Amino acid sequence: MTDRIKSVGVVGAGQMGAGIAHVAALAGFTVKLHDVADDRIRSGMERIEKSLGRQLASEKISESDKADALARISGTTSTKDLGQLDLVIEAATEDETVKRKAFREICPHLKPEALLATNTSSISITRLAAATDRPERFMGIHFMNPVPVMKLVELVRGIATEEDTFETAKAFVASLDKTITVSEDFPAFIVNRILLPMINEAIYTLYEGVGSVTSIDTAMKLGANHPMGPLQLADFIGLDTCLSIMQVLYDGLADSKYRPCPLLVKYVEAGWLGRKAGRGFYDYRGEEPVPTR
Ligand code: NAD
């Protein structure tokens with residue numbers, strides 16, 4: 001824990017929200033996990049329990065670390081319950097309209113000195129800050145997926161972010177045993193500015209018939225030494241999130257090199273959003289993932 005932050009709210013109990021709640025609770029913070037429906041919170045809690053179980057099985061944590069972390073997290077569908085928290089991190093769906101609506105609902109309940117952050121992968125921090133009542137106490141804290149495993153957190157200041165907010169966020173991230181990198185507030189920041197065009201290009205490679213799902217992923221794993229193929233990674237991130245990030249890059253930088261691949265659009269329209277939907281470039285509904293093309 002840090003001097004300033006003892007309790008944390010996480011808005012959105014999806015793959016990232018659950019991961020952030022997991023690492024914060026394990027580091028000793030009291031955590032409120034908020035989502036729009038009870039079943040979302042339930043599945044977020046199940047995800048946390050499973051990933052704490054994996055850490056226990058690999059002896060990274062003890063049985064009591066797991067039990068204590070779980071006891072520190074409670075779920076809620078009411079934004080009122082975020083009122084007394086020191087820091088609230090928004091990790092709702094990557095859609096500016098959704099995030100703006102979430103801020104409209106949350107802000108009236110926050111205590112004046114509370115910090116508000118977003119885990120957005122690509123949307124302008126300055127623009128999101130302007131949709132809140134506290135641009136000085138707002139910034140980007142961008143975790144990587146899966147949060148309990150990945151070491152990096154990108155910190156992004158908006159134009160109005162105060163130095164004190166930045167320093168408090170930095171101390172908070174350090175208390176989670178993560179390493180920070182600082183990015184300026186430009187579309188998709190550093191990691192996704194580089195990563196997503198590569199994934200989009202892999203989807204074009206599939207779309208143009210240069211290779212199959214298996215040949216593209218094998219090529220990049222064994223030929224470029226990537227731990228995961230780009231299509232497997234796209235499924236892991238979520239194809240809706242990948243498409244949103246490409247759209248933010250395309251709109252924000254006005255360069256045709258960021259045009260989202262039509263095949264990515266088609267998969268999202270079909271609801272084949274990757275792992276979280278059971279199907280994307282691979283079908284995950286059986287024992288082993290099977291390529292869908
Ligand atoms: P997800 O689809 O798994 O989860 C999003 C959750 O937000 C859902 O449970 C949804 O019900 C909830 N939600 C929507 N509107 C809400 C509201 N008004 N209030 C509360 N909850 C609401 O998505 P995710 O992959 O967890 O991504 C969440 C955020 O994290 C996005 O901004 C995304 O860009 C970012 N992010 C994602 C990754 C990744 O690899 N998936 C990595 C880093 C950052």
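**Exercise 1. Domain layout**

Task: In this predicted model, find how far apart the C-alpha centres of domain 1 and domain 2 lie.

Solution. Start with the bounds. Domain 1 covers 7–183 and domain 2 covers 192–284. Take the C-alpha centre of each domain; the two lie 26 Å apart. Then turn to the contact. Domain 1 gives eight residues and domain 2 gives nine residues.

**Exercise 2. Two packed helices**

Task: Determine how helices H7 and H10 are oriented to each other: roughly parallel or roughly perpendicular?

Solution. Locate the helices. H7 spans residues 191–207, and H10 spans residues 239–253. Their axes are 10 Å apart and meet at an angle of about 110°. Angles of 65 to 115 degrees count as roughly perpendicular, so H7 and H10 are roughly perpendicular to each other. Next, the hand: the crossing of H7 and H10 is left-handed. On the H7 side, the contact uses Asn 192, Arg 193, Leu 196, Pro 197 and Asn 200. H10 supplies Cys 242, Ile 245, Met 246, Leu 249 and Leu 253. Sort these residues by class: seven are nonpolar, two polar and one charged.

**Exercise 3. A loop residue**

Task: Decide whether Val 147 is buried or exposed, and list what Val 147 touches beyond four places in sequence.

Solution. Place the residue. Val 147 sits in the loop that links strand S6 (138–143) to strand S7 (152–157). Check accessibility. The relative value is 2%. Buried means under 20%, so Val 147 counts as buried. Now list the partners: Met 16, Gly 19, Ile 20, Val 23 and Lys 178. Last, a distance. Val 147 and Ile 237 are 90 residues apart in sequence, yet 12 Å apart in space, C-alpha to C-alpha.

Note on methods
Residues numbered from 1 in each chain as written. Predicted model: local features only at pLDDT ≥ 70, side-chain atom pairs only at ≥ 80, totals over all residues. Heavy atoms only, no water. Helix = DSSP H or I, 4+ residues; strand = E, 2+ residues; numbered from the N terminus. Buried < 20%, exposed > 50% of the residue type's maximum accessible area, 1.4 Å probe, protein only. Contact = heavy atoms within 4.5 Å. Axes fitted to C-alpha atoms, helices over the stretch in contact; angles between N-to-C directions. Parallel < 35°, antiparallel > 145°, perpendicular 65-115°, else oblique. Left-handed = near helix turned anticlockwise from the far one by under 90°. Nonpolar A, V, L, I, M, F, W, Y, C, P; charged D, E, K, R; others polar. Domains from an automatic or database assignment.
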